Amino acid sequence: MKTSTIDNDYFAEFDRRQRGIEIHLVVAFLAGLAVGLAGMLGAGRIPGWLSQIHDPYAYLALTVAVGATASGFGWALLTTFLAVVATVVAVMGGGALRGSLDPALLGGTTAGLYWTVTLLVGVGLLAYVTRRSDRWGDLAAGAIGAVLVIDLAGRATQGFAGAHLWPLPASFVVALAAVGVLLLRRTAPARARTLAISAVAAGTFILGLTVLPA
């Protein structure tokens with residue numbers, strides 16, 4: 001009788017876990033569609049700075065949420081990629097409705113599309129690692145913050161996204177990124193380490209670009 005009860009509990013927990021994974025997959029896909037379609041349909045109807053914040057930072061926020069709530073590293077990879085694919089499909093679908101079927105609509109150019117997809121999936125995987133309570137989790141959260149700041153600096157200062165992002169929209173994105181990174185950690189020391197990692201990594205990278213010959 002005891003063995004039977006244990007088996008029933010095990011299979012009930014297994015069933016709940018599987019249902020949770022299935023729901024997570026569906027929600028990730030639908031969220032990707034919603035975020036991508038909202039950005040595409042809003043293009044040209046909302047201020048330029050808001051559109052450039054949406055692409056790619058709304059997508060980054062989506063992948064962080066998807067990756068951080070995945071039940072395993074493999075599932076984080078799958079669900080993040082699924083959300084990104086859904087976003088690309090939604091952007092292309094929205095573009096088709098407006099008479100422009102161009103896969104480079106996400107990211108601005110073909111190279112921008114590849115970079116954006118790679119960035120989104122990578123950030124989603126880092127977000128999963130932030131579930132760890134050790135230094136690896138701090139490092140992953142700090143890396144997310146650094147990637148966001150580096151990408152934003154490139155877009156705001158090198159013309160990749162135009163002048164709309166500087167200075168107030170860029171400051172807004174940095175503030176949101178800092179808040180999001182802090183929410184990924186649970187203790188004050190972990191948050192302090194995460195902010196330090198983000199600041200040092202982003203600052204070193206940006207400083208290196210400024211001192212290197214063109």
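Which residues form a nonpolar patch on the surface? I started my notebook here, bearing in mind that the model is predicted. The patch is made of Tyr10, Phe11 and Phe14, and together they have about 370 Å² of accessible area.

**Entry 1, the patch.** I picked Phe11 for a closer look and found this residue in helix α1, which covers residues 2-42. Phe11 has a relative accessible area of 52%, so it counts as exposed, the cut-off being over 50%. I also jotted down a reminder on helices. An α-helix has 3.6 residues a turn, so residues three or four places apart point the same way.

**Entry 2, the whole chain.** Next I stepped back to the fold. I counted 7 helices and 0 strands in the protein chain, and from the N terminus the order reads α-α-α-α-α-α-α. Of the 214 residues, 36% are buried. For the accessible surface I noted about 11800 Å², with 72% of that area belonging to carbon and sulfur atoms. Then I turned to contacts between residues at least 6 apart in sequence: 72% of these join residues at least 24 apart.

**Entry 3, helix α4.** Does its length come out as expected or not, I wondered about helix α4, residues 110-129? Its 20 residues, at 1.5 Å a residue, should span 28 Å, and I read 29 Å between the end C-alpha atoms, which agrees. I listed the buried residues of α4 too; among them are Gly112, Leu113, Thr116, Leu119, Leu120 and Val123. Gly124, Leu125 and Ala127 are also on that list.

**Entry 4, aromatic rings.** How many aromatic pairs did I find? The count is 1. Phe73 and Tyr128 make up the pair, and its geometry is edge-to-face, with 6.2 Å from centre to centre and 70 degrees between the planes. This pair links distant parts of the chain, as Phe73 belongs to helix α3 (residues 73-97) and Tyr128 to helix α4, 55 residues apart. I checked how open each partner is. Phe73 is partly exposed at 45% relative accessibility, and Tyr128 is partly exposed as well, with a relative accessible area of 21%.

**Entry 5, Leu152.** Is Leu152 buried or exposed? Its relative accessible area is 4%, and the cut-off is under 20%, so Leu152 is buried. Leu152 sits in helix α5, residues 135-157. My last look-up was its distance to Val174: the two are 22 residues apart in sequence, and I got 8.2 Å between their C-alpha atoms.

Key
Residues numbered from 1 in each chain as written. Predicted model: local features only at pLDDT ≥ 70, side-chain atom pairs only at ≥ 80, totals over all residues. Heavy atoms only, no water. Helix = DSSP H or I, 4+ residues; strand = E, 2+ residues; numbered from the N terminus. Buried < 20%, exposed > 50% of the residue type's maximum accessible area, 1.4 Å probe, protein only. Contact = heavy atoms within 4.5 Å. Areas by Shrake-Rupley, 256 points an atom, 1.4 Å probe, with all protein chains shown as cover. Expected span 1.5 Å × (residues − 1). Patch = residues over 30% accessible without salt bridge, like charges linked within 9 Å, V, L, I, M, F, W, Y side chains within 5 Å. Salt bridge = Lys/Arg side-chain N within 4 Å of Asp/Glu carboxyl O. Phe/Tyr/Trp six-rings, centres within 6.5 Å; stacked < 30°, edge-to-face > 60°.
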